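Colleague: Could you walk me through this model? I would love to go over it with you, one question at a time.

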Amino acid sequence: MARGGLIIFDYLLDESEDMHSLLLTDSSTLLVGGLQNHILEIDLNTVQETQKYAVETPGVTIMRQTNRFFFCGHTSGKVSLRDLRTFKVEHEFDAFSGSLSDFDVHGNLLAACGFSSRLTGLACDRFLKVYDLRMMRAITPLQVHVDPAFLRFIPTYTSRLAIISQSGQCQFCEPTGLANPADIFHVNPVGPLLMTFDVSASKQALAFGDSEGCVHLWTDSPEPSFNPYSRETEFALPCLVDSLPPLDWSQDLLPLSLIPVPLTTDTLLSDWPAANSAPAPRRAPPVDAEILRTMKKVGFIGYAPNPRTRLRNQIPYRLKESDSEFDSFSQVTESPIGREEEPHLHMVSKKYRKVTIKYSKLGLEDFDFKHYNKTLFAGLEPHIPNAYCNCMIQVLYFLEPVRCLIQNHLCQKEFCLACELGFLFHMLDLSRGDPCQGSNFLRAFRTIPEASALGLILADSDEASGKGNLARLIQRWNRFILTQLHQDMQELEVPQAYRGAGGSSFCSSGDSVIGQLFSCEMENCSLCRCGSETVRASSTLLFTLSYPEDKTGKNCDFAQVLKRSICLEQNTQAWCDNCEKYQPTIQTRNIRHLPDILVINCEVNSLKEADFWRVQAEVAFKMAIKKRGGEISKNKEFALADWKELGSPEGMLMCPSIEELKNVWLPFSIRMKMTKNKGLDVCNWTDGDEMQWGPARAEEEHGVYVYDLMATVVHILDSRTGGSLVAHIKVGETYHQRKEGVTHQQWYLFNDFLIEPIDKHEAVQFDMNWKVPAILYYIKRNLNSKYNLNIKNPIEASVLLAEASLARKQRKTHTTFIPLMLNEMPQVGDLVGLDAEFVTLNEEEAELRSDGTKSTIKPSQMSVARITCVRGQGPNEGIPFIDDYISTQEQVVDYLTQYSGIKPGDLDAKISSKHLTTLKSTYLKLRFLIDIGVKFVGHGLQKDFRVINLMVPKDQVLDTVYLFHMPRKRMISLRFLAWYFLDLKIQGETHDSIEDARTALQLYRKYLELSKNGTEPESFHKVLKGLYEKGRKMDWKVPEPEGQTSPKSAAVFSSVLAL
């Protein structure tokens, strides 16, 4: 059958009866077995029988496959292991004396269930037989508490077994542990018995089939992924023969062929006269305006990218005569919450649309990021997997206490989110408008089990298609990152190598600083109807808005909703110690201490919440107009004179314009007061209130605090791109002082690498048709004055000293470098030769356009595999002091051995003979060298630093690619430069990073010699001209025969020759 349920072909088996098992060995080969003495192999492409394998009686009823064997289960209770090529029996397990019910294989374990012979006949055996496939023998059987009829391995975090009985009982247990009765669940089948059971390939769904023909689906999430890279299931049309549903004649797209009509020779009502049934061609719909706008003509043929507004090669057929009505309906964008009664065209503002990087032959080198960002703040690149959190990274960076705290943190954990976030913040600090990427941070993020369990790690297909609900995703990520940073900061044990990390002024003996900033202490009271009251203390790092039920059309301040969400009161079932049973209880929450930073998840996930925001914004708009002395007509339309009068300066001074008041419900400031009876008063706060009540700082002594809006994260709804997340951030004075040398505050829009200053009212305007609020950040007024915001670099020189290798087989004789001694520590301006080698984690995704040109959709994802640093001066010049191979836990697609010299096994700690370290360890070494002020010499360093995820000031980079380059000419390879200037032939079979780093150092020395330390550019220009002329003659290839020498000769360092 096809995916849609259509039958592709039928195959009749002449000699077979009682077929019981099918096994798809690959995409085009099928094995069929049953209660006969042979198994058939069928080719699905040709629909022919290709092989017939003989088996012993009574045949095969269950088949499984691994990369080592075919496993065949027999009704006699035996399991045979057969060769993958010849199908001959290699081993055999006599599992049960009666019959075999089911078995499954995972890794080195085989588990089986079945029936044993008793005096009265066959009885279900409650012992699962478990076999070790390495030693080919049985191990301790596993006793379960249900009658096992089906079993499957569910290898998620562990190799769990799911054991199912026909009565519907389901038990989960480990194959080498003990079964626990508490792990039994019950499936409620429609029929009396379960007849089949299976697990999806993604291990996210369980399917049960009962005797009444019903399928029961269990999943761990509302939208599970059944298979890797799965497409949406296309269900077949239901059968309409037995029961015909009523048809709605008002529907234009109703297929009249659904009505069964008997054959008759009589005249039918639909038999129109010939004059009324003349054929007329259907008028073609108008071409999409976006296609016409982006079309490029080659001759008389036009090419344009698919705007993705409808399925490929499909046009909706409409019977309306009006072209304008057809066109407007086809262009309507889908609301994230649902379509309204009347379709409207909601255009997303250009700066809010999802930005993408257009790749060329040079990659990112010729992409104009300055077009999107004319500020000196750094954007973040979106092409990395799980980069949906870019906006929240920017929010955390512009929180001054959080930024200083994170940059002062350093620990020994390999994958620490706080450390990686601190490294990323340091890059954002150094950047002068150039975009950064959080590849190392997201790499550490993907390794944390909690992130995967919460569904925060998106598959590439889901991220590209926009299937995930980004608003829910970023709110879950917000809660996760605050919790994770809070846990990382509580670990106060600092290793000796990183002893500088403990010198931060943020460190305290009690709670972490993240807890001091975000944590809100609460009392949770549970009152039973018997009068028993239980009080327990807790804390939370953020709040979720809880909306009122029956206030859709009434005025409701944001402060009221916030108070209701903080001091939450609800009725629920809870355990009462006095009654000794579950009772209805009233649970209330009281606040003990308010946080310095108030974080709010908006939870606008349905039409109900969206309507609430929309209605409240309309009510607030009407009230604001009435305060100005105006009136609003019932049809919500203003006369031109009314608009001019309301927006005129004479109406009211220092007031926002009419456009700035629309779609606004969120206040810029709120005032919160702790009462004596543990209550909380919350109200909206304006500048006029401050003039009336006085400065808020003087009232803090009495438990009164004013919070100012600092950031809003919104979900942009765009059906063409799948939506995106952006942030409005109020950037403080210290950031402007560092970047631009001015002292002021300004609101900015952060849309990945697009950064643009905006008016402050735009940060609180939410048109719910395309701009939905997700996260709000309020901070206490004068927050920065409470914290010491000094940053002390936690990386010390000890990171460059000798360290142990992760590789078990590494020997001293294989050491390729000599670590720096204490008297060799680099100083400002010292030269360091650098080279790095990489491996590929994900292949490049590209498409071939209709005009034959290639377009890169997503570049290949690279990971650093080897980093080498060579001494650039001194008696040991040319000798490496760093030669680290980087261990990786991610799957490597291509080792690029020809270009990198990295071979399979070099990065595996179990078998590698190299000096293997973690990426974080080597990253700290390079960060120390950058911070101390050394100058790096290398060839193509821009790409190296980009993949390593380092931001290096331009005055610390000496790249031989650009030193030996003429404007508007091609870049020259290191191999050709070494042959031409140094008479060296390098990179013969593979690349070696030590050789490349030394060669780059020699080329830099040669550059200084030829240009007289940069004082004679004209003479050096002549040298470059001769270089390019020679390169064109040689086709930029180094001659292979040994007899041919370079036209130039250069002195080679004596230290390199000696080494």
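**Strands, cores and surface**

Modeller: Happily! This is a predicted model. Let us start with strand 10 (residues 109–118) and strand 11 (residues 121–124), which run antiparallel and are joined by four bridges.

Colleague: Which residue in strand 11 does Arg118 stand opposite?

Modeller: Strand 10 and strand 11 form a hairpin, with two residues between them. Across that pairing, the residue opposite Arg118 is Gly121.

Colleague: Nice. How many helices and strands does the secondary structure of the protein come to?

Modeller: The protein has 1059 residues, and 44% of them count as buried. Its secondary structure comes to 24 helices and 44 strands.

Colleague: How many residues has the largest nonpolar core?

Modeller: Tyr388, Ile474, Trp477, Phe518, Tyr777 and Phe936 are the residues with the most contacts inside this core. Apart from it lies another core of 56 residues, including Val561 and Tyr707. The largest one has 104 residues.

Colleague: And Trp249, does that count as buried or exposed?

Modeller: Trp249 lies in the loop between strand 21 (215–219) and helix 1 (289–294). Together with Leu256, Ile259 and Val261, Trp249 makes a nonpolar surface patch of about 460 Å². The cut-off is over 50% relative accessible area. Because its relative accessibility is 65%, Trp249 counts as exposed.

Colleague: Last one: what share of the exposed area of the protein do carbon and sulfur atoms supply?

Modeller: The protein exposes about 57100 Å². Of that area, the share supplied by carbon and sulfur atoms is 52%.

Note on methods. Residues numbered from 1 in each chain as written. Predicted model: local features only at pLDDT ≥ 70, side-chain atom pairs only at ≥ 80, totals over all residues. Heavy atoms only, no water. Core = buried A, V, L, I, M, F, W, Y, C linked by side-chain atoms within 4.5 Å. Buried < 20%, exposed > 50% of the residue type's maximum accessible area, 1.4 Å probe, protein only. Patch = residues over 30% accessible without salt bridge, like charges linked within 9 Å, V, L, I, M, F, W, Y side chains within 5 Å. Areas by Shrake-Rupley, 256 points an atom, 1.4 Å probe, with all protein chains shown as cover. Salt bridge = Lys/Arg side-chain N within 4 Å of Asp/Glu carboxyl O. Pairing = 2+ DSSP bridges.
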